[in-house]
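Biologist: I've got some basic questions about how these terms get used. Can we take them one by one?

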Amino acid sequence: MNNKIWLSSPHMGGNEQKYINEAFAENWVAPLGPNVNGFEEDLEKFLGEDAKVAVLSAGTAALHLALIQCGVGHGDEVICQSMTFSASANPIAYCGATPIFVDSEPETWNICPAGLRQTIGERIQKGKKPKAIIVVHLYGMPAKMDGIMSIANEFEIDVIEDAAEALGSKYKGQMCGTFGRFGILSFNGNKIITTSGGGALVCHTQEDKDQTVFLSTQARDNAPHYQHSHIGFNYRMSNIVAGIGRGQMEVLDSRVEARRHMHDFYVELFKDIDGVTVFSEPNTDFYSNHWLSAIVVNPQETGKTREELRMAFLEDNIESRPLWKPMHLQPVFENVPFYGGGTSEKLFNNGLCLPSGSNLRDEDRARIAKIVNDFFGK
Ligand SMILES: *Cc1c(COP(=O)(O)O)cnc(C)c1O
């Protein structure tokens with residue numbers, strides 16, 4: 001059997017262990033220390049826009065703390081892009097709030113600004129103004145932030161950007177994760193950089209960052225004994241894990257470059273195959289890190305299905321995956337309101353994510369190309 005080609009596997013830069021060893025040498029084996037502070041500074045410098053970053057145990061934890069700070073509580077409504085990973089929507093339920101799912105538009109596969117406006121209008125008419133909007137930059141593709149931010153500002157609703165997949169992506173030159181009141185990042189094992197598991201909340205005021213750290217460390221009041229006036233969480237990142245993050249930050253630019261190179265490879269590979277579209281930036285306002293490269297297979301035009309292609313890859317031990325199944329089609333969110341048409345559903349039915357790792361080699365690309373060319377009879 002050929003060795004496995006993964007969709008997206010961890011890719012260490014080399015200095016991660018150095019930072020971990022320093023933590024051991026100085027006995028900073030705790031959820032605080034020089035690596036935690038250093039990783040936050042690295043991220044703040046990378047993101048610009050006066051970003052204030054708190055590193056946490058997971059991107060999901062970051063979303064939870066963002067929602068709490070937007071005042072989301074029991075019985076509230078939160079608008080959320082339907083086409084995403086469940087981690088975008090679950091924290092809404094943690095707060096006892098109801099998600100309101102909105103469909104994507106076909107260019108970026110992210111929340112449709114027109115659909116967003118219509119949804120806010122209808123929810124207000126029904127008697128409740130949504131407390132927050134969760135917009136996702138899917139597979140690294142920036143959402144249409146101009147339209148989204150102007151609608152959110154008009155209705156005075158906080159925006160939380162789920163940039164878990166989009167570290168290094170930009171919209172009109174500005175880093176994804178820095179547009180909304182909050183942005184979340186993930187360093188899970190499959191993301192563009194990883195700390196094995198971890199996340200961050202991007203804030204814009206010292207007050208929001210301090211409150212995030214406070215909530216993530218069990219909400220201890222300033223007293224010599226243990227005193228609490230708020231419900232707290234154990235969501236802070238460990239200093240060992242942050243050491244991996246510092247090493248990964250040294251190679252982030254080259255990881256973005258390598259992922260973008262994989263996208264270029266797929267554009268070239270599919271350019272003469274009618275009925276297959278490679279997911280690409282609509283114009284130069286959008287700069288995607290291309291965390292995952294993805295295609296849409298038109299079964300009428302190609303005479304083939306996405307699922308048949310996935311199986312052909314699998315036979316050669318190559319991993320590929322259907323796109324995220326939209327939240328409004330998930331059994332767990334069966335009775336949740338959904339606004340939109342069939343855009344995300346159609347993408348889900350015909351879309352496939354392809355191996356996109358920054359550590360793929362020429363021989364891996366050759367194997368992928370052979371499967372594709374044989375499959376489509378090229
Ligand atoms: C990975 C991911 C998350 C969750 O991040 P974790 O660090 O795994 O908790 C949230 N949203 C999206 C879109 C993701 O891809």
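Biologist: What makes up the area that domain 1 and domain 2 bury between them?

Modeller: Buried area is the accessible area (1.4 Å probe) that two parts lose on being put together, summed over both. Here domain 1 and domain 2 bury about 3,500 Å², with 67% of that on carbon and sulfur atoms. Keep in mind that this is a predicted model, where local features need pLDDT of at least 70, side-chain atom pairs count only at pLDDT 80 or more, and totals for chains, interfaces and linings use all residues. Residues are numbered from 1 along each chain as its sequence is written, and side-chain values use heavy atoms, leaving out hydrogens and water.

Biologist: Where do the domains run?

Modeller: Domain 1 is 16-250 and domain 2 is 253-375, going by an automatic or database domain assignment. The contact (heavy atoms within 4.5 Å) takes 43 residues from domain 1 and 36 from domain 2.

Biologist: How many salt bridges are there between domain 1 and domain 2?

Modeller: Zero! A salt bridge needs a side-chain nitrogen of Lys or Arg within 4 Å of a carboxyl oxygen of Asp or Glu, so no pair between domain 1 and domain 2 counts as one.

Biologist: Why is the pair of Asn188 and the ligand called a polar contact?

Modeller: A polar contact is a pair of N or O atoms within 3.5 Å; within protein, one must be able to donate a hydrogen and the other to accept it, and residues adjacent in sequence count only if both atoms are side-chain atoms. A polar side-chain atom of Asn188 lies 2.7 Å from a ligand oxygen, so the pair qualifies. For Lys191, a polar side-chain atom lies 3.3 Å from a ligand oxygen, so that pair passes too.
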